[in-house]
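Here's a protein chain to explore together. Have a look at the picture, turn it around a bit, and then read on.

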Amino acid sequence: MAEKIILGIDPGTTIMGFGIIKIDGKKMSFIQMNELDLKKYKDHYTKLKLIFERTIELIDSHHPDEIAIEAPFFGKNVQSMLKLGRAQGVAMAAGLSREVTITEYSPKKIKMAITGYGNASKEQVARMLQSTLNLKSLPKNLDATDGLAAAVCHFYNSSKTIGSKSYTGWDAFIKQNEKRIKK
């Protein structure tokens with residue numbers, strides 16, 4: 001396996017977490033993790049624009065070969081789910097516009113890949129990442145580690161893509177979602 005960069009994104013309209021890892025053969029190393037804090041912006045459209053711009057910025061500066069993104073979980077609050085889905089869609093659109101392959105993972109699949117337990121807490125996931133990647137410290141908010149977890153999950157699952165969806169560009173996205181689009 002050649003060297004590659006994976007960008008992991010935990011989309012959100014309050015905080016978007018992201019993490020970047022480098023793969024060299026079977027060796028994984030930490031590059032960066034951080035978050036985009038959107039709390040101070042009241043307008044939802046401004047938040048979406050900033051998510052798109054920050055994702056483009058990350059792609060243009062780190063040149064990831066692949067993006068792993070956490071899929072929205074199904075909760076009871078429909079408005080929150082809709083906003084989360086939009087945030088995810090905007091991050092995906094940024095990746096697709098730069099022709100970066102995108103793979104979605106459910107929150108349970110990410111937790112399972114990192115900790116071996118699909119209902120692990122954010123703290124458990126963060127501590128496991130800290131141990132695996134030899135991180136000196138953890139961020140105050142764990143949205144950044146959630147983004148990093150998506151990238152690590154993708155590395156662990158790179159040879160098996162069951163339970164995840166990948167898109168290599170707009171054409172692939174449309175082809176894989178034709179039935180839903182035509183409705």
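What follows is a walk from the whole chain down to single residues.

Before we start, keep in mind that this is a predicted model. The chain has 7 helices and 6 strands. If you read along the sequence, they come in the order β-β-β-α-β-α-β-α-α-α-β-α-α. Of the 183 residues in the chain, 46% are buried. And what about contacts? If you take those with a separation of 6 or more, 62% join residues that sit 24 or more positions apart.

Let's begin with helix H1, which covers residues 44-62. How far should its 19 residues span at 1.5 Å a residue? The expected value is 27 Å, and the C-alpha atoms at the two ends are 27 Å apart, so the two agree. Now look at which residues of H1 are tucked away: His-44, Lys-47, Leu-48, Ile-51, Arg-54, Thr-55, Ile-56, Leu-58 and Ile-59 are buried. There's a handy idea to keep in mind when you read a list like that. An α-helix has 3.6 residues a turn, so residues three or four places apart point the same way. The buried residues of H1 have plenty of partners: they pack against strands E1 (4-10), E2 (15-24), E3 (27-37) and E4 (66-70), and against helix H2 (78-97).

Right after H1 comes His-63, in the loop that leads from H1 to E4. His-63 counts as exposed because its relative accessibility is 57%, and exposed means over 50%. Its backbone deserves a second look too. Most residues other than glycine have a negative phi. His-63 is not a glycine, yet its phi is positive, at about 50°.

Glu-99 tells a similar story. You'll find Glu-99 in the loop between H2 and strand E5 (101-105). Its phi is near 55°, again a positive value in a residue other than glycine. Glu-99 also counts as exposed, with 66% relative accessibility. Along the chain Glu-99 is 33 residues from Glu-66, but their C-alpha atoms are separated by 9.4 Å.

Another loop residue is Lys-39, which is found between E3 and H1. Is Lys-39 buried, exposed or partly exposed? At 44% relative accessibility, Lys-39 counts as partly exposed. Setting aside neighbours within four places in sequence, Lys-39 touches Thr-14, Ile-15 and Asn-141. Take Ile-15 from that list: Lys-39 and Ile-15 are 24 residues apart along the chain, and 7.1 Å separates their C-alpha atoms.

Next, go to helix H2, where Gln-88 sits. Gln-88 is buried, since its relative accessibility is 7% and the cut-off is under 20%. Which residues does Gln-88 touch, not counting those up to four places away in sequence? They are Pro-11, Ile-69, Glu-70, Ala-71, Pro-72 and Glu-104.

Now for helix H5. H5 has 14 residues and reaches 20 Å from its first C-alpha to its last, close to the 20 Å expected at 1.5 Å a residue. Of those 14 residues, 13 are buried, so H5 is largely enclosed by the rest of the structure. One residue to find in H5 is Asp-143, which is buried with a relative accessible area of 16%. Leaving out neighbours within four places in sequence, Asp-143 is in contact with Asp-10, Ile-15, Gly-17, Phe-18, Glu-35 and Lys-122. You've met Ile-15 already, as a contact of Lys-39.

H5 also packs against helix H3 (residues 107-115), at an angle of about 70° and with the axes 9 Å apart. That angle makes H3 roughly perpendicular to H5. On the H3 side, the contact is made by Lys-109, Ile-110, Ala-113 and Ile-114, and on the H5 side by Ala-149, Ala-150, Val-152, Cys-153 and Tyr-156. Sorted by class, this contact has 8 nonpolar residues, no polar ones and 1 charged one.

Finish with the aromatic rings. How many aromatic pairs are counted here? The count is 1. The pair is Phe-155 with Tyr-156: their centres are 5.9 Å apart and their planes make an angle of 40°, which is called tilted. The two partners differ in how open they are: Phe-155 is buried at 13% relative accessible area, whereas Tyr-156 is partly exposed at 34%.

Definitions and conventions:
Residues numbered from 1 in each chain as written. Predicted model: local features only at pLDDT ≥ 70, side-chain atom pairs only at ≥ 80, totals over all residues. Heavy atoms only, no water. Helix = DSSP H or I, 4+ residues; strand = E, 2+ residues; numbered from the N terminus. Expected span 1.5 Å × (residues − 1). Buried < 20%, exposed > 50% of the residue type's maximum accessible area, 1.4 Å probe, protein only. Contact = heavy atoms within 4.5 Å. Phe/Tyr/Trp six-rings, centres within 6.5 Å; stacked < 30°, edge-to-face > 60°. Axes fitted to C-alpha atoms, helices over the stretch in contact; angles between N-to-C directions. Parallel < 35°, antiparallel > 145°, perpendicular 65-115°, else oblique. Nonpolar A, V, L, I, M, F, W, Y, C, P; charged D, E, K, R; others polar.
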